[in-house]
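Could you walk me through this structure, from its core out to the sites named in its record? A friendly tour in plain paragraphs would suit me well.

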Amino acid sequence: MFYNQILSAKNKNQKLLAVLLDPDKIALDEVAVLTDKINASPATHIFVGGSIVEANSIDELIVILKNKTSLPIVLFPGNPSQISKKADAILFLTLLSGRNPDYLIEHQVNAVPILKKTKLEVISTGYVLIESGTQTAVERVSKTDPLDRENSDYVLQTAQAGEFIGNKLMYLEAGSGAKNAVPLEMIRKVSNHIDIPLIVGGGIRSRKAIEDAYESGADLVVIGTAFENDPDFFNFNSNA
């Protein structure tokens with residue numbers, strides 16, 4: 001089970017890495033090559049999803065992934081239309097940083113009848129968008145503002161509120177294509193004051209940036225755009 005895996009890794013101080021694949025940006029005939037790259041990388045999980053996802057190929061994409069890799073496939077959905085019973089688990093996201101009721105509860109309510117027909121492991125996840133220097137797809141789609149990257153105290157309060165509500169994971173996100181990643185001091189502060197595992201993603205473009213996030217307290221780091229732009233991301237000495 002995904003959640004037990006991440007809890008166990010956190011307790012052992014073993015760091016995890018997820019490669020995020022956006023179905024809108026991947027041609028199905030390229031998936032086999034991508035999975036070879038993923039299998040050769042340090043990745044421990046594959047996340048599938050995006051802010052919009054107009055493609056109707058999520059099921060097919062996951063089937064191909066499962067035939068090519070043994071890594072767990074975790075849904076990272078922008079709305080209920082991105083749910084696939086072919087995956088192993090789903091991050092049941094609540095956009096804690098925003099005040100749009102659609103992303104606080106409406107999409108979650110609409111997802112329930114779909115999820116009840118699957119065997120997906122459903123993991124309550126607090127999702128906190130951090131200002132990154134440019135408008136991201138999450139901002140545009142959710143019509144919400146990110147939290148101030150200079151106000152770590154308020155970000156921590158938001159994460160702690162999510163933990164009190166009952167979120168099992170906390171996700172600090174700078175957004176796809178972010179100009180700046182989540183500040184390391186913010187990661188450190190949140191990690192030191194919550195007990196649940198911490199995921200960090202957005203704007204991470206090098207192996208050093210991954211290691212910095214780990215050292216600051218991230219339990220799982222997500223790489224998306226950097227891998228999309230360069231499937232050889234983990235092979236380049238320039239990223240060391």
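What follows goes from the core to the annotated sites, then to the helix contacts and a few single residues.

Please keep in mind from the start that this is a predicted model. A good place to begin is the inside. In soluble globular proteins, nonpolar side chains tend to be buried together. Here the largest nonpolar core has 54 residues, and the members that touch the most others are Ile-210, Val-221 and Phe-227. Helix 3, residues 58-68, supplies the largest share of this core, with 4 residues. Another core lies apart from it and has 24 residues, including Leu-91, Leu-129, Leu-220 and Val-222.

Phe-227 is worth a closer look. Leaving out residues up to four places away in sequence, Phe-227 touches Val-19, Leu-21, Leu-34, Lys-37, Ile-38, Phe-233 and Phe-234.

Now for the sites that come from the record. An unreviewed UniProt entry lists Asp-22 and Ser-51 under "binding site". These two span 30 residues in sequence, yet their C-alpha atoms are no more than 8.8 Å apart, so they gather at one spot. Asp-22 sits in the loop that runs between strand 1 (16-21) and helix 2 (31-39). Is Asp-22 buried or exposed? Its relative accessibility is 13%, and because buried means under 20%, Asp-22 counts as buried. Beyond residues up to four places away in sequence, the contacts of Asp-22 are Gly-49, Gly-50, Val-53 and Glu-228.

One of those partners, Val-53, can be followed further. Val-53 belongs to the loop between strand 2 (45-48) and helix 3, and it is buried, with a relative accessible area of 10%. Setting aside neighbours within four places in sequence, Val-53 is in contact with Asp-22, Pro-23, Asp-24, Ile-58 and Gln-82. For a sense of scale, take Val-53 and Glu-185: they are 132 residues apart along the chain, and their C-alpha atoms are separated by 32 Å.

The unreviewed UniProt entry also has a "binding site" annotation that covers Tyr-171, Leu-172, Glu-173, Ala-174, Gly-175, Ser-176, Gly-177, Gly-202, Gly-203, Gly-224 and Thr-225. Two glycines from this list show how its positions are placed. Gly-177 is in the loop between strand 6 (169-173) and helix 7 (184-193), and it is partly exposed, at 41% relative accessible area. Gly-224 is in the loop between strand 8 (220-223) and helix 9 (225-229), and with 13% relative accessibility it counts as buried. Which residues does Gly-177 touch, not counting residues up to four places away in sequence? They are Thr-134, Arg-205 and Thr-225. Thr-225 is itself among the positions covered by the annotation.

Helix 7 leads on to the helix contacts. Two packed helices are described by the angle between their axes and the distance between the axes. For helix 6 (residues 152-165) and helix 7, the axes come within 9 Å and cross at roughly 35°, and the crossing is right-handed. Helix 6 brings Ser-152, Asp-153, Val-155, Leu-156, Ala-159, Gln-160 and Glu-163 to this contact, while helix 7 brings Met-186, Lys-189, Val-190 and His-193. By class, these residues are 5 nonpolar, 3 polar and 3 charged.

Helix 7 also packs with helix 8 (residues 207-216), at an angle of about 35° and with the axes 8 Å apart. In this contact Leu-184, Ile-187, Arg-188 and Ser-191 of helix 7 meet Asp-212, Ala-213 and Ser-216 of helix 8. The classes here are 3 nonpolar, 2 polar and 2 charged.

Let us finish with some single residues and their backbone. Most residues other than glycine have a negative phi, and most peptide bonds are trans. Asn-13 has a positive phi, near 60°. Asn-13 is placed in the loop between helix 1 and strand 1 and counts as exposed, at 56% relative accessibility. Lys-143 also has a positive phi, of about 55°, although it is not a glycine. Lys-143 lies in the loop between helix 5 (137-142) and helix 6, and at 69% relative accessibility it counts as exposed.

Last comes Ser-8, in helix 1 (residues 2-11). Ser-8 is partly exposed, with 29% relative accessible area. Ser-8 and Pro-197 are 189 residues apart in sequence, and their C-alpha atoms are 10.0 Å apart in space.

Key: Residues numbered from 1 in each chain as written. Predicted model: local features only at pLDDT ≥ 70, side-chain atom pairs only at ≥ 80, totals over all residues. Heavy atoms only, no water. Core = buried A, V, L, I, M, F, W, Y, C linked by side-chain atoms within 4.5 Å. Buried < 20%, exposed > 50% of the residue type's maximum accessible area, 1.4 Å probe, protein only. Helix = DSSP H or I, 4+ residues; strand = E, 2+ residues; numbered from the N terminus. Contact = heavy atoms within 4.5 Å. UniProt positions renumbered as here; feature names shortened; annotations may be inferred. Axes fitted to C-alpha atoms, helices over the stretch in contact; angles between N-to-C directions. Left-handed = near helix turned anticlockwise from the far one by under 90°. Nonpolar A, V, L, I, M, F, W, Y, C, P; charged D, E, K, R; others polar.
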